[in-house]
Amino acid sequence: MNSKFGFKKPSLILLGSAIFLSLALSSYQTVNRWGEAAFLLGKAFSFGYSDPREADFVPIFDGKSLEGWEFDPAYWKVTDGAIHGETTAENPLKANTFIIWKGGELDDFELKMDYWISETGNSGVQYRSDLFTEVPYALRGYQADIDGGNRYTGQNYEERKRTTLAYRGQKTRITSQPDSISNLRDFVVRNAWKGLNLVEDIEDRAELGQLIKAGDWNSIHIVAQGNVLKHYVNGTLMSEVHDEDSKNRMLKGLMGMQMHVGPPMTIKFRNIQLKKM
């Protein structure tokens with residue numbers, strides 16, 4: 001007997017079977033794709049996944065020696081795969097000292113590393129800097145600040161020049177001193193540059209400080225591109241500087257890590273990775 005729409009029953013059966021088969025195949029392919037994705041994801045985690053965005057980072061510390069670095073051996077060594085800086089009551093510092101990378105000047109780059117600092121420690125990662133020749137192993141320029149008391153970690157402090165350019169939690173625009181002022185220190189008040197112009201608060205300073213682990217390893221990440229300088233700690237943006245001070249800014253320079261004068265301290269750095277842009 002013909003159906004209401006003029007199809008014979010065998011035709012309806014064949015059509016229904018075809019639709020069922022098509023849906024089943026589509027469902028199988030979808031499941032199969034998800035299964036394949038899950039398999040590949042599992043394989044990546046099993047054998048070590050390499051993020052393409054990380055591919056251009058190269059290690060600049062081999063974890064075994066200080067080859068490729070310039071430093072005062074009285075204060076720097078390698079222990080347990082880390083660059084280890086230490087002062088003691090018997091071996092204090094008379095001036096800030098740095099371990100300086102001998103790979104040349106950097107302009108636009110990203111730099112990542114882990115650090116550990118003692119409670120009394122004062123340190124930082126120096127970049128786009130020049131040699132301060134009046135003191136051995138000394139640099140002058142931008143610094144991603146690090147301290148054991150966690151008051152300053154993440155801020156942008158310019159060593160031996162314009163001092164604080166951005167406190168933790170700030171995005172700033174830096175302008176130059178008036179032409180009538182030739183001595184940079186005459187344009188500094190309470191250890192901060194008078195040309196520090198607050199653009200916006202990134203986040204509450206104290207809340208950002210809560211993300212930094214005391215007495216443990218933390219990660220620091222510096223992005224320097226053109227006149228924009230960003231400091232991240234444990235993956236969170238801590239400060240951002242837009243340096244419009246064409247008189248004093250540096251667009252390239254040396255890189256190193258600092259130990260500050262003061263009470264006995266320990267600072268360690270490991271997993272140091274650099275990407276040039």
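These legends accompany close-up views of aromatic rings and their neighbours in a predicted model.

**View 1. Tyr127 and Tyr142 make a stacked aromatic pair.** In total, three aromatic pairs are counted in this model. For Tyr127 and Tyr142, the ring centres lie 5.6 Å apart, with 25° between the planes. That angle is under 30 degrees, so the pair counts as stacked. Tyr127 belongs to strand S7 (residues 122–131) and Tyr142 to strand S8 (residues 139–147), so to speak two distant parts of the chain, 15 residues apart, linked by one pair.

**View 2. Here is the surrounding of the two tyrosines, Tyr127 and Tyr142, with Phe109 added.** Phe109, Tyr127 and Tyr142 together form one aromatic cluster. Are the tyrosines buried or exposed? Tyr127 is buried because its relative accessibility is 0%, and Tyr142 is buried because its value is 1%.

**View 3. Phe187 and Trp193 meet edge-to-face.** Their ring centres are 4.9 Å apart, and the planes make an angle of 75°. Phe187 has a relative accessible area of 12% and is therefore buried. Trp193, at 2% relative accessibility, is buried too.

**View 4. Lys112 lies over the face of Phe57.** Take a look at the lysine and the ring together: Lys112 is placed 4.6 Å from the ring centre of Phe57.

**View 5. Arg270 sits over the ring of Trp217.** How far from the ring centre is the charged end of Arg270? The distance to the centre of the Trp217 ring is 3.8 Å.

Technical notes: Residues numbered from 1 in each chain as written. Predicted model: local features only at pLDDT ≥ 70, side-chain atom pairs only at ≥ 80, totals over all residues. Heavy atoms only, no water. Phe/Tyr/Trp six-rings, centres within 6.5 Å; stacked < 30°, edge-to-face > 60°. Helix = DSSP H or I, 4+ residues; strand = E, 2+ residues; numbered from the N terminus. Buried < 20%, exposed > 50% of the residue type's maximum accessible area, 1.4 Å probe, protein only. Lys NZ or Arg CZ within 6 Å of the ring centre and 35° of its normal.
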